[in-house]
Every structure is written in structure tokens, then in C-alpha cells.
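Q: Could you take me through one part of this model up close? I'd like to hear about the open sheet and what sits against it.

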Amino acid sequence: HANGSYRWFNTHGTVFERNKSGLVEKIIYVSMDVTDQLKAVTMLKERDLELLEQEERYFRMINEIEDYAILRLSPGGIIENWNTGAEKIKGYKASEIIGKHFRIFYSADDQKSHLPETLIKKAAEEGKAVHEGWRVRKDKSRFWGSIVITALHDRVGHVVGFSKVTRDLTQMKIANDNLKNYADKIAKTNYELEEKNKQLESFNYIASHDLKEPLRKIRLFISRLRDDMELAPRIREILSKIETSSIRMQDLIEGLLLYCQADLSISPETCNLNLLLNDVLADFSDLTDQKDILITKMTLPSVNMNPIQFKQVFYNLISNAVKYKKDKIPLQLNISYQMASKLNGKNNSPHLYHKISFEDNGIGFEADHNDKIFGLFQRLHDQSKYAGTGLGLAICKKVVENYGGQISAKGEPGKGARFDILLPVENV
């Protein structure tokens, strides 16, 4: 161009005149400036190319997504495309599934109830349909799918198809179901515990009133017979045996009552075990004052538990040591404390425990009774010589285990016994 710019021309040359020899003498030369038209066409081509590239990137992105099955459906529900995630989740290759109706993914019951058709109808009417349920893979196995079907529209608003996105939530479904079952079991256990507590409370009432009252009357009548009547020695001996048996029965009832109370859920509180132990030792002051019993103790920790229940543990262990002391030999009872570490059975990690030990120099017991000694009504020695119900150590075991702890025993005949209590630090 005269201004120095370049223009694009569409040029045509045509022969206009030849001489007698046939040689071209004149031509018509027509040149048309098509620069602006070419620019417009180029812009259109570039735009179309850009759209094609964008569409290609979009489909490449969709195809490489593996966690979601993404597919396009025709207005009638026919599968038109298929991504890698769909192949991974549903098991079909694109060549096996494109052209088929998407109802193939649904169970026989869902197909019978026309659930697939209902979902695309809802998507067409409302723009989107959301659903969760069991779906069927190519190998007939089931998975829990969360699906969203979205209607696709043309420029005038007509539905031209649907996009369908499916996510495999099988593991989440299983976890939620397990969690629900666990919650149901906990609720059932809590209900059973509440019922058990009610039964125990009912038993406690019966043991405290209905069972004790007849025994009280028996002892009262025996006392009256003995005081108001002239009785033969043999009759008095029989009455004494009846009274002894009724006393033993009362002790058993009270022991069972304490054992059941040890199983009741009682609100814990911060408890100074030193004060608790001193209260218990005060109950044995008449014995310790005779200098026939020497009790040494270390400083104990403060723990979180019910003091009434744990006071019974201390009382039973000290009472047990006093009861089984050697004849004519002073009892030496040492109550010690230390922090202890024990490996956890689940992850083999160390756990800290409060360790409280009661060690005496009494008559002891055989080593094979180390576990048996905590059973209900277990008596290892002559009942006629050593009174008791066989419930004391069973009560100790139940209370300690209620707080996540352990109690163990170790005895040696003629040398004494040792009882160790382990209370987990984080629980107390």
C-alpha cells in the first residue's frame, strides 16, 4: 500500500488479446483487497480452534479423574461417553458400555421400581436429582454410590442430555453402619446396665430390710428364750448354734450387699488415700494399741474415685491381714506405694500406674491359690478357726476393676501374703 502497510489481495489474471501468432499481448488483471475479510475468517478459525482445545482439555481432565464416575447421558438415558473413574468404579470399559442404558448399574429391585427413569425425569423437571443407594458393578458386586444427575440444556432451554456423576462411598457407608451398630450396642448396654442397677438396688433393699428382719427376730427370740426360761444345757447349746448360724447368715447378707454395691455406678471424686487409710486404721486402733500389730505405711497419692467403695478395699485387706496373723507372733503389715509402668497389650506402649501394696508376715497361702483367692465365697483356711464370709477379697477385686485397675495376690505358707493394687494414672 502507498502508506507502507501490507494488504492481502485476491488477484486474478485473464488473457484479453492475442496476436496472429497466438502470443498473449494483453491481459485483464483484477486484484481485490480481501485483508479485512481474511482477518475475520482468521479470527473465526482461531476461536474455533481455541474452543476445540478447551473442549479437548475439558474431556482430558474429566477422563483422568479416577475418584468419580463421570458420564454423559442422552435425553433417553443412553450412555454417550465414559471416563477412567467410571471404568474404575463400575468395571466396564468404554467400548463395553457406551450405547447402553444407564439402568444397567441398578439392582433388579431398583429397575423394577423404575428408579433410573424416575431420577432422570426429576433432573429434567427440577434441573438436578440426587440419590444414594447400592449400585451394581460389571462383576455383579455391589457398591454404595452417591450420584448427582444434572440436566443439560440448549440455547432455547430444551433438555439435550444429562451429566451423571457417581462417587463410591462404600467404605464410608460400612464405617457409618458400624458406627451406628456400635452406638446401638452402647445404648443397649447402657439400658441393660440401668436395668441391672435397678435390680441391684431392689436386691439391696431386700437384703437390707426383708432378709435381715427375720434374722433379727430369730436372734431376739433366742435371747428371750435364754433369758426367760429354764432350759436344759442341751437346749441352750442348740440355741447357741442357731444364733451362731443366724449371725453368719447376717454376715453373708451384708457381704453380698457390699459386693453388689461395688458394682453400682457411683460418682467418683478427688480422694486423698492417706486420709482414707487413716480412717480405716482408726477402726483397728484397739488392736494396734496392744502392740501385737505393727502397721507401717508410706505416703499415698490422691486419686479420682468413690471414697466409700475404696475405703472398703482398704478395710478388707487390713482385716484380712489381721485375721490370718500367726499365733503368738506380732503382725507386721507394710503398706507401700510407688509409680509403676506396664506395657499395654494392644499397642505395646507403656502405661503408668499407681501401685499400692499390702504385705504381711501372716500364715500365707499356697501359690496355686493366687487367683482363686479372689473368687466369691472362697475360703482357704479352716472356717471354724478363721471366721468370715469369703466375700472380702471378691469385693476388693470388683471395686479395683471398676476403676480400670488390677489386684493380684502372692502367698507363701508360713511366710505371709502380698496384695498389689494397680490403678491407671489417667483413669484416677
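A: First, a bit of vocabulary: two strands pair if DSSP finds at least two bridges between them. Strands (E, at least two residues) and helices (H or I, at least four) are DSSP runs, numbered from the N terminus. Keep in mind that this is a predicted model, where local features need pLDDT of at least 70, side-chain atom pairs count only at pLDDT 80 or more, and totals for chains, interfaces and linings use all residues. Residues are numbered from 1 along each chain as its sequence is written, and side-chain values use heavy atoms, with hydrogens and water left out.

Now the sheet. It's an open one with five strands, running β4-β3-β7-β6-β5 with antiparallel pairing. At the edges you'll find β4 (79-82) and β5 (128-136), each pairing on one side only. On average, neighbouring strands are turned by 25° against each other, ignoring direction; axes here are lines fitted to C-alpha atoms, for helices over the stretch in contact, and angles run from 0 to 180 degrees between N-to-C directions.

Look at β3 (residues 68-73) and β7 (residues 159-168): six bridges link them, in the antiparallel sense. Y68 stands opposite R167 in β7. Helix α5 (residues 115-126) packs on the sheet and touches β3, β5, β6 (142-153) and β7, where contact means heavy atoms within 4.5 Å. The direction of α5 makes about 165° with that of β5.

Over in β6 there's S146. S146 counts as buried because its relative accessibility is 18%; buried means under 20% relative accessible area, exposed over 50%, partly exposed in between (1.4 Å probe, protein chains only). Leaving aside residues up to four places away in sequence, S146 touches H131, E132, V165, T166, R167 and L169.
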